[in-house]
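Student: I should like to take a close look at a single part of this protein and see how that part fits into the whole. Please give one connected account.

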Amino acid sequence: MKEDFIIRIKSRTEQFDHMQPVRTGEDDRIEIMTYGSLVKKGDTYYITYKETQTIGFEGCTTTIKIAADGSRTAAISATMKRRSAA
């Protein structure tokens, strides 16, 4: 992955029950800063960065696709490594 930019990601998670938000009085918020890349293909932007152990996905790569209409889709990819017992 070509690391061209410092990327700042802010995330807020809400819980839903049958399409209605569940009000718990608490927000699950995460903010990270990392190196990553920004690529434009046609009218779509792709932000790609490697996850850290901060949120428990160390070794995974996340790609966020931002379409021309502003909609966003995220995908996390990981490679599983098998360790044998010694």
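Student: With which residue does glutamate 31 form a salt bridge, and how far apart are the closest N and O atoms? Please treat the surroundings of this pair in detail.

Tutor: The model is a predicted one, and what follows should be read in that light. Glutamate 31 forms its salt bridge with arginine 8, and the closest N and O atoms of the two are 2.7 Å apart. The pair links distant parts of the chain, since glutamate 31 belongs to strand β4 and arginine 8 to strand β1, with their positions 23 residues apart in sequence. A search of the whole structure finds one salt bridge. Side chains of opposite charge can pair when their charged atoms come close. As for its setting, glutamate 31 has a relative accessible area of 45%; because buried means under 20% and exposed means over 50%, glutamate 31 is partly exposed.

The two strands that carry the pair deserve a description of their own. Strand β4 covers residues 28-41, and strand β1 covers residues 5-13. Threonine 34 is also placed in β4. With 15% relative accessibility, threonine 34 falls under the 20% limit and therefore counts as buried. Leaving aside neighbours within four places in sequence, threonine 34 is in contact with Phe5, Ile6 and Ile7, and also with Tyr49 and Lys50. One of these contacts, phenylalanine 5, is 29 residues away in sequence, while the C-alpha to C-alpha distance between phenylalanine 5 and threonine 34 is 8.3 Å.

Threonine 13 also lies in strand β1. The C-alpha atoms of threonine 13 and arginine 29 are 6.5 Å apart, although 16 residues separate the two in sequence. Threonine 13 is partly exposed, with a relative accessible area of 43%.

Leucine 38 is a further residue of β4. A relative accessibility of 40% makes leucine 38 partly exposed. Together with Phe5 and Tyr45, Leu38 makes a nonpolar surface patch of about 270 Å². Phe5 thus takes part in this patch and is also a contact of threonine 34.

The interior comes next. The largest nonpolar core has six residues, namely Ile7, Ile9, Ile32, Ile47, Tyr49 and Ile64. Strands β1 and β5 (44-50) are the elements that give two or more residues to this core. In soluble globular proteins, nonpolar side chains tend to be buried together. Two of the core residues, Ile7 and Tyr49, are also among the contacts of threonine 34.

From the core, isoleucine 47 leads on to the later strands. Not counting residues up to four places away in sequence, isoleucine 47 touches Ile7, Ser37, Leu38, Thr62, Thr63, Ile64 and Ile66. Its bridge partner in β6 is isoleucine 64, which is itself a member of the core. Strands β5 and β6 pair in the antiparallel sense over six bridges.

Strand β6 (residues 61-66) is joined to β7 by six bridges, again in an antiparallel arrangement. Within this pairing, lysine 65 has threonine 73 as its bridge partner in β7, and threonine 62 stands opposite isoleucine 76. The two strands form a hairpin with five residues between them, and glycine 70 in the turn has a positive phi of about 90°. Strand β7 (residues 72-77) lies largely in the open, because the number of buried residues among its six is zero.

These details belong to a chain with zero helices and seven strands. From the N terminus on, the elements run β-β-β-β-β-β-β. Of the 86 residues, 16% are buried. The accessible surface comes to about 7,600 Å², and 48% of that surface belongs to carbon and sulfur atoms. Among contacts with a separation of 6 or more, 29% are accounted for by residues 24 or more positions apart.

Key: Residues are numbered from 1 along each chain as its sequence is written. This is a predicted model: local features need pLDDT of at least 70, side-chain atom pairs count only at pLDDT 80 or more; totals for chains, interfaces and linings use all residues. Side-chain values use heavy atoms; hydrogens and water are left out. Patches are made of residues with over 30% relative accessible area and no salt bridge: like charges are joined within 9 Å, nonpolar side chains (Val, Leu, Ile, Met, Phe, Trp, Tyr) within 5 Å. Accessible areas come from the Shrake-Rupley method with a 1.4 Å probe; for residues, only the protein chains shown count as cover. A salt bridge is a side-chain nitrogen of Lys or Arg within 4 Å of a carboxyl oxygen of Asp or Glu. Helices (H or I, at least four residues) and strands (E, at least two) are DSSP runs, numbered from the N terminus. Buried means under 20% relative accessible area, exposed over 50%, partly exposed in between (1.4 Å probe, protein chains only). A nonpolar core is a set of buried Ala, Val, Leu, Ile, Met, Phe, Trp, Tyr and Cys residues joined through side-chain atoms within 4.5 Å. Contact means heavy atoms within 4.5 Å. Two strands pair if DSSP finds at least two bridges between them.
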